[in-house]
Amino acid sequence: MRVLVVEDERLLADLIARWLRGEAHAVDVAYDGDAALERLGVNDYDVVVLDRDLPVVHGDDVCRALVDSGAEARVLMLTAAAEIGDRVAGLSLGADDYLPKPFAFPELGARVLALGRRSRPAAPPVLERAGIRLDMPRREVYRNGRYISLSRKEFAMLTELMRAGGAVVSAEHLLEKVWDEHADPFTASVRVTVLKLRRKLGDPPVIETVPGEGYRIR
(Lines give C-alpha, C1' and ligand atoms only; values in the text may rest on other atoms or scores of the structure.)
Protein backbone atom coordinates (compact mmCIF):
# COMPACT_ATOMS: atom_id res chain seq x y z
CA MET A 1 0.00 0.00 0.00
CA ARG A 2 0.97 3.65 -0.35
CA VAL A 3 1.21 5.37 3.06
CA LEU A 4 1.91 8.96 4.05
CA VAL A 5 3.43 9.50 7.50
CA VAL A 6 2.93 13.04 8.86
CA GLU A 7 4.85 13.62 12.09
CA ASP A 8 6.93 16.62 13.19
CA GLU A 9 9.19 14.58 15.48
CA ARG A 10 11.62 13.58 12.75
CA LEU A 11 13.14 10.63 14.57
CA LEU A 12 9.70 9.16 15.28
CA ALA A 13 8.52 9.86 11.73
CA ASP A 14 11.55 8.09 10.27
CA LEU A 15 11.15 5.14 12.65
CA ILE A 16 7.48 4.76 11.67
CA ALA A 17 8.39 4.93 7.99
CA ARG A 18 11.14 2.34 8.44
CA TRP A 19 8.77 -0.02 10.24
CA LEU A 20 6.04 0.31 7.60
CA ARG A 21 8.53 -0.19 4.77
CA GLY A 22 9.56 -3.36 6.55
CA GLU A 23 5.91 -4.41 6.23
CA ALA A 24 6.18 -3.97 2.42
CA HIS A 25 4.40 -0.61 2.20
CA ALA A 26 5.55 2.30 0.04
CA VAL A 27 5.99 5.21 2.47
CA ASP A 28 6.36 8.97 2.03
CA VAL A 29 7.10 11.28 4.97
CA ALA A 30 6.08 14.86 5.74
CA TYR A 31 7.29 16.75 8.83
CA ASP A 32 4.63 19.47 8.92
CA GLY A 33 1.03 20.03 7.84
CA ASP A 34 1.87 22.18 4.83
CA ALA A 35 4.18 19.54 3.36
CA ALA A 36 1.47 16.94 4.02
CA LEU A 37 -1.13 18.93 2.07
CA GLU A 38 1.32 19.31 -0.80
CA ARG A 39 1.87 15.56 -1.03
CA LEU A 40 -1.82 14.80 -0.65
CA GLY A 41 -2.50 17.06 -3.61
CA VAL A 42 -0.10 15.08 -5.80
CA ASN A 43 -0.25 11.44 -4.70
CA ASP A 44 -3.04 8.96 -4.00
CA TYR A 45 -2.54 7.33 -0.62
CA ASP A 46 -4.29 4.34 0.93
CA VAL A 47 -3.55 5.41 4.52
CA VAL A 48 -2.35 8.63 6.16
CA VAL A 49 -0.68 8.29 9.58
CA LEU A 50 -1.32 11.79 10.90
CA ASP A 51 0.03 13.42 14.05
CA ARG A 52 -2.57 15.81 15.40
CA ASP A 53 -0.20 18.45 16.79
CA LEU A 54 1.65 19.62 13.70
CA PRO A 55 3.49 22.89 12.97
CA VAL A 56 2.63 25.25 10.08
CA VAL A 57 -0.76 23.63 9.40
CA HIS A 58 -2.41 21.83 12.32
CA GLY A 59 -3.21 18.14 11.96
CA ASP A 60 -6.91 18.87 12.44
CA ASP A 61 -6.85 21.13 9.38
CA VAL A 62 -4.99 18.53 7.35
CA CYS A 63 -7.62 15.95 8.29
CA ARG A 64 -10.47 18.29 7.36
CA ALA A 65 -8.88 19.12 4.01
CA LEU A 66 -8.38 15.46 3.22
CA VAL A 67 -11.99 14.58 4.07
CA ASP A 68 -13.36 17.58 2.15
CA SER A 69 -11.35 16.59 -0.93
CA GLY A 70 -13.24 13.31 -1.18
CA ALA A 71 -10.02 11.28 -1.21
CA GLU A 72 -10.35 7.61 -0.33
CA ALA A 73 -7.32 7.62 1.97
CA ARG A 74 -8.01 6.44 5.52
CA VAL A 75 -6.62 8.46 8.43
CA LEU A 76 -4.91 7.03 11.50
CA MET A 77 -4.52 9.95 13.90
CA LEU A 78 -1.69 10.01 16.42
CA THR A 79 -1.53 12.22 19.50
CA ALA A 80 0.12 12.40 22.89
CA ALA A 81 -3.28 13.20 24.43
CA ALA A 82 -4.97 10.06 25.70
CA GLU A 83 -8.20 11.53 27.11
CA ILE A 84 -11.50 10.24 25.73
CA GLY A 85 -12.51 13.77 24.74
CA ASP A 86 -9.41 14.11 22.57
CA ARG A 87 -10.12 10.82 20.86
CA VAL A 88 -13.71 11.80 20.18
CA ALA A 89 -12.59 15.17 18.81
CA GLY A 90 -10.11 13.52 16.45
CA LEU A 91 -12.65 11.02 15.16
CA SER A 92 -15.26 13.76 14.71
CA LEU A 93 -12.91 15.49 12.27
CA GLY A 94 -13.13 12.49 9.98
CA ALA A 95 -10.25 10.34 11.19
CA ASP A 96 -10.90 6.62 10.80
CA ASP A 97 -8.83 5.44 13.74
CA TYR A 98 -6.97 6.90 16.69
CA LEU A 99 -3.75 5.77 18.35
CA PRO A 100 -2.36 7.53 21.45
CA LYS A 101 1.37 7.90 22.00
CA PRO A 102 3.39 6.02 23.06
CA PHE A 103 2.38 3.04 20.94
CA ALA A 104 3.80 -0.31 19.89
CA PHE A 105 4.93 -0.52 16.27
CA PRO A 106 3.25 -3.91 15.68
CA GLU A 107 -0.08 -2.37 16.72
CA LEU A 108 0.46 0.62 14.45
CA GLY A 109 1.30 -1.73 11.58
CA ALA A 110 -1.81 -3.81 12.20
CA ARG A 111 -4.04 -0.72 12.27
CA VAL A 112 -2.51 0.61 9.03
CA LEU A 113 -3.10 -2.74 7.34
CA ALA A 114 -6.71 -2.85 8.55
CA LEU A 115 -7.37 0.70 7.34
CA GLY A 116 -5.73 -0.06 4.01
CA ARG A 117 -8.23 -2.81 3.38
CA ARG A 118 -11.02 -0.28 3.86
CA SER A 119 -9.52 2.32 1.50
CA ARG A 120 -10.05 0.09 -1.51
CA PRO A 121 -12.51 -2.67 -2.43
CA ALA A 122 -12.34 -5.27 0.30
CA ALA A 123 -9.88 -8.12 -0.18
CA PRO A 124 -9.47 -11.13 2.08
CA PRO A 125 -6.28 -11.27 4.14
CA VAL A 126 -5.27 -14.45 2.30
CA LEU A 127 -5.28 -14.31 -1.50
CA GLU A 128 -5.13 -17.42 -3.69
CA ARG A 129 -4.70 -17.73 -7.45
CA ALA A 130 -2.83 -19.97 -9.91
CA GLY A 131 -1.51 -22.14 -7.07
CA ILE A 132 -0.19 -19.09 -5.21
CA ARG A 133 -1.23 -18.48 -1.62
CA LEU A 134 -0.40 -15.00 -0.29
CA ASP A 135 -0.96 -14.34 3.40
CA MET A 136 -0.87 -10.55 3.89
CA PRO A 137 -0.84 -10.39 7.72
CA ARG A 138 1.98 -12.95 7.97
CA ARG A 139 3.76 -11.72 4.81
CA GLU A 140 4.12 -15.29 3.60
CA VAL A 141 3.85 -16.65 0.07
CA TYR A 142 3.52 -20.26 -1.06
CA ARG A 143 3.14 -21.79 -4.51
CA ASN A 144 1.76 -25.31 -4.58
CA GLY A 145 2.78 -25.68 -0.95
CA ARG A 146 6.35 -24.45 -1.49
CA TYR A 147 7.41 -21.45 0.60
CA ILE A 148 8.79 -18.55 -1.46
CA SER A 149 11.01 -15.90 0.10
CA LEU A 150 10.30 -12.46 -1.38
CA SER A 151 11.78 -9.02 -0.84
CA ARG A 152 9.50 -6.23 0.39
CA LYS A 153 9.06 -4.82 -3.13
CA GLU A 154 8.39 -8.26 -4.62
CA PHE A 155 5.80 -9.04 -1.96
CA ALA A 156 4.08 -5.67 -2.46
CA MET A 157 3.98 -6.12 -6.23
CA LEU A 158 2.64 -9.65 -5.96
CA THR A 159 -0.05 -8.38 -3.58
CA GLU A 160 -1.22 -5.81 -6.15
CA LEU A 161 -1.29 -8.41 -8.90
CA MET A 162 -3.18 -10.90 -6.72
CA ARG A 163 -5.69 -8.27 -5.62
CA ALA A 164 -6.55 -7.62 -9.27
CA GLY A 165 -8.04 -11.10 -9.59
CA GLY A 166 -6.74 -11.72 -13.09
CA ALA A 167 -7.29 -8.19 -14.41
CA VAL A 168 -4.41 -6.30 -15.99
CA VAL A 169 -2.45 -4.02 -13.64
CA SER A 170 -0.60 -1.17 -15.32
CA ALA A 171 3.05 -0.41 -14.65
CA GLU A 172 1.94 3.08 -13.56
CA HIS A 173 -0.34 1.61 -10.88
CA LEU A 174 2.43 -0.66 -9.62
CA LEU A 175 4.84 2.26 -9.47
CA GLU A 176 2.25 4.31 -7.54
CA LYS A 177 1.43 1.63 -4.97
CA VAL A 178 4.74 -0.18 -4.51
CA TRP A 179 7.34 2.62 -4.74
CA ASP A 180 7.47 5.93 -2.87
CA GLU A 181 7.61 9.48 -4.24
CA HIS A 182 11.33 9.25 -4.91
CA ALA A 183 10.86 6.57 -7.57
CA ASP A 184 11.84 7.59 -11.09
CA PRO A 185 8.87 6.84 -13.39
CA PHE A 186 11.28 6.24 -16.27
CA THR A 187 13.29 3.51 -14.55
CA ALA A 188 12.96 -0.20 -15.28
CA SER A 189 12.13 -0.93 -11.62
CA VAL A 190 8.75 -2.49 -12.38
CA ARG A 191 10.02 -4.67 -15.21
CA VAL A 192 13.05 -5.83 -13.21
CA THR A 193 10.89 -6.71 -10.19
CA VAL A 194 8.47 -8.65 -12.41
CA LEU A 195 11.39 -10.65 -13.80
CA LYS A 196 12.60 -11.48 -10.29
CA LEU A 197 9.10 -12.50 -9.23
CA ARG A 198 8.71 -14.79 -12.23
CA ARG A 199 11.99 -16.49 -11.43
CA LYS A 200 11.10 -17.02 -7.77
CA LEU A 201 7.56 -18.23 -8.46
CA GLY A 202 8.93 -20.85 -10.84
CA ASP A 203 7.35 -22.85 -13.65
CA PRO A 204 4.92 -22.77 -15.23
CA PRO A 205 5.08 -18.94 -15.47
CA VAL A 206 2.00 -17.21 -14.06
CA ILE A 207 2.74 -13.50 -14.54
CA GLU A 208 1.76 -12.50 -18.06
CA THR A 209 2.92 -9.32 -19.79
CA VAL A 210 0.13 -7.63 -21.74
CA PRO A 211 1.90 -5.40 -24.29
CA GLY A 212 1.04 -1.72 -23.88
CA GLU A 213 -1.18 -2.40 -20.84
CA GLY A 214 0.68 -4.01 -17.98
CA TYR A 215 0.78 -7.35 -16.15
CA ARG A 216 -1.63 -9.93 -14.82
CA ILE A 217 -1.67 -13.28 -13.08
CA ARG A 218 -3.53 -15.77 -15.25
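1. Two aromatic rings, from Phe, Tyr or Trp, count as a pair if their centres lie within 6.5 Å. With that in hand, you can start looking around this predicted model. A search of the whole structure turns up 3 aromatic pairs. In one of them, the ring centres of Phe-103 and Phe-105 are 5.8 Å apart and the planes meet at 80°, so this pair is edge-to-face. The cut-off behind that word is a plane angle over 60 degrees.

2. Stay with these two rings for a moment. Together with Trp-19, Phe-103 and Phe-105 make up one aromatic cluster. Are Phe-103 and Phe-105 buried or partly exposed? Phe-103 has a relative accessible area of 16%, so it is buried. Phe-105, at 23%, is partly exposed. The dividing value here is 20%, since buried means under 20% relative accessible area.

3. Now step back to the whole chain. Its secondary structure comes to 8 helices and 11 strands. Of the 218 residues in the chain, 46% count as buried. The accessible surface comes to about 10600 Å², and carbon and sulfur atoms hold 51% of that. Among contacts with a separation of 6 or more, 58% are between residues 24 or more positions apart.

4. Next, find Asp-51, which sits in strand 3 (residues 47–51). UniProt lists this residue, in an unreviewed entry, as "modified residue: 4-aspartylphosphate". Please read that as a note from the record, because such annotations may be inferred rather than shown by experiment. In the model, Asp-51 has 2% relative accessibility and therefore counts as buried. Which residues does Asp-51 contact, leaving aside its neighbours within four places in sequence? They are Val-6, Glu-7, Asp-8, Gly-59, Leu-78, Thr-79 and Lys-101.

5. One of those contacts, Lys-101, leads to a detail of the backbone. The peptide bond from Lys-101 to Pro-102 is cis, with omega near -5°. Pro-102 belongs to the loop between strand 5 (97–100) and helix 5 (105–119). Look as well at the bond from Asp-203 to Pro-204, which is also cis, with omega near -5°. The loop that holds Pro-204 runs between helix 8 and strand 10 (207–210).

6. The largest nonpolar core is worth some time on screen. How many residues does this core have? It has 27, and those with the most contacts inside it are Met-157, Leu-158 and Ile-207. At least two core residues come from each of strand 7 (132–135), helix 6 (152–163), helix 7 (171–178), helix 8 (189–201) and strand 11 (214–217). Helix 6 gives the largest share, 6 residues. In soluble globular proteins, nonpolar side chains tend to be buried together.

7. To get a feel for this core, centre your view on Leu-158. Not counting residues up to four places away in sequence, Leu-158 touches Ile-132, Leu-134, Val-141, Leu-150, Leu-197, Leu-201 and Ile-217.

8. Just past helix 6 there is a case where sequence and space part ways. Ala-164 is in the loop between helix 6 and helix 7. With 25% relative accessibility, Ala-164 counts as partly exposed. Ala-164 and Arg-216 are 52 residues apart in sequence, yet their C-alpha atoms are 7.8 Å apart in space.

9. Arg-139 deserves a point of its own. Where does Arg-139 lie? This residue is in the loop between strand 7 and strand 8 (140–143). Arg-139 has a positive phi of about 55° although it is not a glycine. Its relative accessibility is 24%, which means it counts as partly exposed. The charged end of Arg-139 sits over the ring of Phe-155, 5.1 Å from the ring centre. A second arginine can be viewed alongside: Arg-10 lies over the face of Tyr-31, at 3.9 Å from the ring centre.

10. Last, turn to Ala-24, in the loop between helix 1 (10–22) and strand 2 (26–30). Ala-24 has a phi near 75°, a positive value in a residue other than glycine. Is Ala-24 buried or exposed? At 6% relative accessibility, Ala-24 counts as buried. Try comparing it on screen with Arg-139, which counts as partly exposed.

Note on methods: Residues are numbered from 1 along each chain as its sequence is written. This is a predicted model: local features need pLDDT of at least 70, side-chain atom pairs count only at pLDDT 80 or more; totals for chains, interfaces and linings use all residues. Side-chain values use heavy atoms; hydrogens and water are left out. Helices (H or I, at least four residues) and strands (E, at least two) are DSSP runs, numbered from the N terminus. Buried means under 20% relative accessible area, exposed over 50%, partly exposed in between (1.4 Å probe, protein chains only). Contact means heavy atoms within 4.5 Å. A nonpolar core is a set of buried Ala, Val, Leu, Ile, Met, Phe, Trp, Tyr and Cys residues joined through side-chain atoms within 4.5 Å. Accessible areas come from the Shrake-Rupley method with a 1.4 Å probe; for residues, only the protein chains shown count as cover. Rings of Phe, Tyr and Trp (its six-membered ring) pair if their centres lie within 6.5 Å; planes under 30 degrees apart count as stacked, over 60 as edge-to-face and the rest as tilted. A charge sits over a ring if NZ of Lys or CZ of Arg is within 6 Å of the ring centre and within 35 degrees of the ring normal.
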